[in-house]
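Q: I have this predicted model open and I'd like a close look at a single part of it. Could you walk me through one helix and its surroundings?

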Amino acid sequence: MSMQWTTLMIIIGCALVTMIPRVIPFLVVRNLNLPAPVLKWLSYIPVCILTALVVDNFLIQEGHSLHIDWKVIIVLIPTFLIAIKTRSLSITVIAGVVMMAAVRYFFSVFFS
């Protein structure tokens, strides 16, 4: 399999476009002493992003109504408990992925 020059340039360009917005702010901010209120505000950002991702996954919009995806809720609760118990991101993510795969398999086999 050969790769064309334009394909390689597109891949490199995409890598640069995704890296630049992540690296430049880090390089600029790491040498600054930010005020305490700014640091406190920034500490909430990971929680907000995680909440947005989780809520986006279990709420389904159909027309003008919202529905709850109960398969996600079934996995969300034990994953949350595992996160509290272990306080390990790796274990939590692995457990959540495995449980979601099992729930999807179960629903596809028994309810399709």
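A: Here is a walk along helix 4, its neighbours and the turn that follows.

Keep in mind that this is a predicted model. Helix 4 covers residues 70-86, which makes 17 residues. From its first C-alpha to its last it reaches 24 Å, close to the 24 Å expected at 1.5 Å a residue.

Let's start with what is tucked away. Val72, Ile73, Val75 and Thr79 are the buried residues to look for in helix 4. The cover over the buried residues of this helix includes helix 3 (45-58), strand 2 (65-68) and helix 5 (89-110).

Now for the packing. Two packed helices are described by the angle between their axes and the distance between the axes. Take helix 5 as a partner: its axis and that of helix 4 come within 9 Å and cross at roughly 160 degrees. Angles over 145 degrees count as roughly antiparallel, so that is how helix 4 and helix 5 run relative to each other. The crossing of helix 4 past helix 5 is right-handed. On the helix 4 side, the contact is made by Lys71, Val72, Ile74, Val75, Pro78, Thr79, Ile82, Ala83 and Thr86. Helix 5 answers with Ile91, Thr92, Ala95, Gly96, Met99, Met100, Val103 and Phe107. Sorted by class, this contact of helix 4 with helix 5 has twelve nonpolar residues, four polar ones and one charged one.

Thr79 is a good residue to zoom in on here. This threonine sits in helix 4, and it counts as buried because its relative accessibility is 13%, where the cut-off for buried is under 20%. Leaving out residues up to four places away in sequence, Thr79 touches Thr92, Gly96 and Met99. Those three also turn up on the helix 5 side of the contact listed above.

Next, swing round to helix 3. Helix 3 and helix 4 pack with their axes 8 Å apart, at an angle of about 140 degrees. Here the contact is made by Val54, Asn57 and Phe58 from helix 3, along with Val72, Ile73 and Leu76 from helix 4. The residues of this contact between helix 3 and helix 4 divide into five nonpolar, one polar and no charged. Val72 is worth highlighting in your viewer: it is buried, it is part of the contact with helix 3, and it is part of the contact with helix 5.

For some contrast, go to Lys85, which also lies in helix 4. Lys85 has a relative accessible area of 73%, so it is exposed. Its C-alpha and that of His64 are 21 residues apart along the chain and separated by 38 Å. Another pair to try with your distance tool is Ile24 and Ile74: they are 50 residues apart along the chain, with their C-alpha atoms separated by 39 Å. Ile24 belongs to helix 1 (residues 5-29), and it counts as partly exposed because its relative accessibility is 46%.

Last stop, the way out of the helix. Arg87 comes just after helix 4, in the loop between helix 4 and helix 5. Most residues other than glycine have a negative phi. Arg87 is not a glycine, yet it has a positive phi of about 55 degrees. This arginine is exposed, given its relative accessible area of 74%.

Definitions and conventions
Residues numbered from 1 in each chain as written. Predicted model: local features only at pLDDT ≥ 70, side-chain atom pairs only at ≥ 80, totals over all residues. Heavy atoms only, no water. Helix = DSSP H or I, 4+ residues; strand = E, 2+ residues; numbered from the N terminus. Expected span 1.5 Å × (residues − 1). Buried < 20%, exposed > 50% of the residue type's maximum accessible area, 1.4 Å probe, protein only. Contact = heavy atoms within 4.5 Å. Axes fitted to C-alpha atoms, helices over the stretch in contact; angles between N-to-C directions. Parallel < 35°, antiparallel > 145°, perpendicular 65-115°, else oblique. Left-handed = near helix turned anticlockwise from the far one by under 90°. Nonpolar A, V, L, I, M, F, W, Y, C, P; charged D, E, K, R; others polar.
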